[in-house]
Amino acid sequence: HQVVTGCALMCPGGPLRSFAVTTGVRMKPLTDDRIERWMAQGEFMGCAGAYNIEGQVAEVTDDECYQNVAGLPLCHLSAAFLGRLPGVPEIECLPHPPASPVPTCDAALCRACRLGPRLLG
C-alpha cells in the first residue's frame, strides 16, 4: 500500500508552501510463525494499517522515505526549506539551513538511504 503525508509550511507573513509525499510500503513474506509472533507482540493494536514500520512485518525500499511512514518525511521537509524540492519554492525563514536528517536516519535503520542524498544534493 501507500502512505501519503501532506505538508504545509509557512513563514510568518510569508506564502503557504504545501506538498505531499507518497511512500510505497510492502509487507514482508509472512509465515504462520511470523504472523503468530507479530500477533503475540500486539503490534497490530492501535496502529494505522495494523503495523508499525519499525516492527517486523512491513518495509520500504532504500529509495522510499521510511520517515514518511514513521512520522514526517524529514528529507523532503529539509529539501523544501533549501529550495531543492521540485515544485516548491525555497522557504526562507530559518536562521540557518536545516541539518541533514540522512545520517540519523541511516544510523537508526542500519542502512544507507538513497532518497535523502538525492533530495538534499
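Modeller: Before we start, a disulfide here means two cysteine sulfur atoms within 2.5 Å of each other. Keep in mind, too, that we're looking at a predicted model.

Biologist: Okay, so why does cysteine 65 have no bond to cysteine 75?
Modeller: A bond needs the two sulfurs within 2.5 Å. For cysteine 65, the closest cysteine sulfur belongs to cysteine 75, and that's too far for a bond because the gap is 6.2 Å.

Biologist: And which cysteine holds the closest sulfur to cysteine 7?
Modeller: Cysteine 7 is buried, at 7% relative accessible area. Its sulfur has no bonding partner either, since 9.2 Å is too far, and that is the distance to the closest cysteine sulfur, in cysteine 65.

Biologist: How many disulfides does the structure hold, then?
Modeller: Cysteine 11 and cysteine 93 are joined, with 2.0 Å from S to S. That fits the 2.5 Å cut-off. The count for the structure is one.

Biologist: How many residues apart are cysteine 11 and cysteine 93?
Modeller: Cysteine 11 sits in the loop between β1 (2-10) and β2 (16-24). Cysteine 93 is in the loop between α3 (74-82) and α4 (102-109). So the pair links distant parts of the chain, with a separation of 82 residues.

Biologist: Is the link of cysteine 11 and cysteine 93 left-handed or right-handed?
Modeller: For that, look at the angle about the S-S bond, which is -75°. With that angle, the link is left-handed.

Biologist: Is cysteine 93 buried, partly exposed or exposed?
Modeller: Its partner, cysteine 11, has 11% relative accessible area and is buried. Buried means under 20%, and exposed means over 50%. Cysteine 93 comes in at 35%, so it counts as partly exposed.

Biologist: Back to the strands: which residue in β2 is the bridge partner of valine 4?
Modeller: β1 and β2 run antiparallel, joined by nine bridges. Between the strands of this hairpin are five residues, and glycine 13 takes a positive phi near 75°. As for valine 4, its bridge partner in β2 is threonine 22.

Biologist: Which residues make up the covered face of β2?
Modeller: The strand has two faces, and the uncovered one has Leu16, Ser18, Ala20, Thr22 and Gly24. That leaves the covered face, with Arg17, Phe19, Val21 and Thr23.

Biologist: Last one: leaving aside neighbours within four places in sequence, which residues is serine 78 in contact with?
Modeller: Serine 78 lies in helix α3. It counts as buried because its relative accessibility is 8%. With those neighbours set aside, its contacts are Pro98, Ala99, Pro101 and Leu120.

Definitions and conventions: Residues are numbered from 1 along each chain as its sequence is written. This is a predicted model: local features need pLDDT of at least 70, side-chain atom pairs count only at pLDDT 80 or more; totals for chains, interfaces and linings use all residues. Side-chain values use heavy atoms; hydrogens and water are left out. Helices (H or I, at least four residues) and strands (E, at least two) are DSSP runs, numbered from the N terminus. Buried means under 20% relative accessible area, exposed over 50%, partly exposed in between (1.4 Å probe, protein chains only). Two strands pair if DSSP finds at least two bridges between them. Contact means heavy atoms within 4.5 Å.
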